[in-house]
Amino acid sequence: MRLRSKGQLTVPVEVREHLGLHEGDEVEFVIQGNTVHIVRAKNNTSHGSRVATRLRGRGSSGMSTDEIMDLLRGED
């Protein structure tokens, strides 16, 4: 792995998968002597939570909750 001019590194896919990291996740660097550990940030929200937050309030079917439930149940 090579450090880029702006100080950037690419985290290998095997490491991302092992840690369950996705685009937008935050990580922390923990230095112990001459070793650096990359860990998931303590305040990091899950990928699913970020997606739900981004989508919240975007749906507008024009139907009430009762109308949607009736439709899902197959009731007329």
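User: Why does Val-15 count as partly exposed rather than buried or exposed?

Analyst: In this predicted model, Val-15 has a relative accessibility of 35%, and since buried means under 20% and exposed over 50%, with partly exposed in between, the value places Val-15 in the class partly exposed. The residue lies in helix α1.

User: What makes Val-15 eligible for a surface patch, and which residues form the nonpolar patch with it?

Analyst: A patch takes residues with over 30% relative accessible area and no salt bridge, and joins nonpolar side chains, Val among them, within 5 Å; the 35% of Val-15 is therefore on the required side of the area cut-off. Val-15 forms the patch together with Leu-19, Val-27, Phe-29, Ile-31, Val-36 and Ile-38, and their accessible area together is about 590 Å². Two or more residues each come from α1 (13-19), β1 (27-32) and β2 (35-40), with β1 giving the largest share, three residues.

User: How do you know that Arg-40 and Asp-25 form a salt bridge?

Analyst: Their side chains meet at 3.5 Å, N to O, and because the criterion asks for a side-chain nitrogen of Lys or Arg within 4 Å of a carboxyl oxygen of Asp or Glu, the pair qualifies as a salt bridge. In general, side chains of opposite charge can pair when their charged atoms come close. The structure holds one salt bridge, and this pair links distant parts of the chain, with Arg-40 in strand β2 and Asp-25 in the loop between α1 and β1, 15 residues apart.

User: Why is Asp-25 called buried, and what class does Arg-40 fall into?

Analyst: Asp-25 has a relative accessible area of 15%, which is under the 20% limit, so Asp-25 is called buried. Arg-40, with a relative accessible area of 34%, falls between the limits of 20% and 50% and is therefore partly exposed.

User: How do you know that the protein as a whole departs from a compact globule?

Analyst: A compact globule of 76 residues would have a radius of gyration near 11 Å, whereas the protein has 21 Å, and along its principal axes the C-alpha trace spans about 70 × 25 × 20 Å. Of the 76 residues, 5% count as buried, and among contacts between residues at least 6 apart in sequence, 12% join residues at least 24 apart.

User: What elements make up the protein, and in what order do they run?

Analyst: The protein has three helices and two strands, which run α-β-β-α-α from the N terminus on.

Note on methods. Residues are numbered from 1 along each chain as its sequence is written. This is a predicted model: local features need pLDDT of at least 70, side-chain atom pairs count only at pLDDT 80 or more; totals for chains, interfaces and linings use all residues. Side-chain values use heavy atoms; hydrogens and water are left out. Patches are made of residues with over 30% relative accessible area and no salt bridge: like charges are joined within 9 Å, nonpolar side chains (Val, Leu, Ile, Met, Phe, Trp, Tyr) within 5 Å. Accessible areas come from the Shrake-Rupley method with a 1.4 Å probe; for residues, only the protein chains shown count as cover. Helices (H or I, at least four residues) and strands (E, at least two) are DSSP runs, numbered from the N terminus. Buried means under 20% relative accessible area, exposed over 50%, partly exposed in between (1.4 Å probe, protein chains only). The radius of gyration is taken over C-alpha atoms; the globule rule is 2.2 Å times the number of residues to the power 0.38. Contact means heavy atoms within 4.5 Å.
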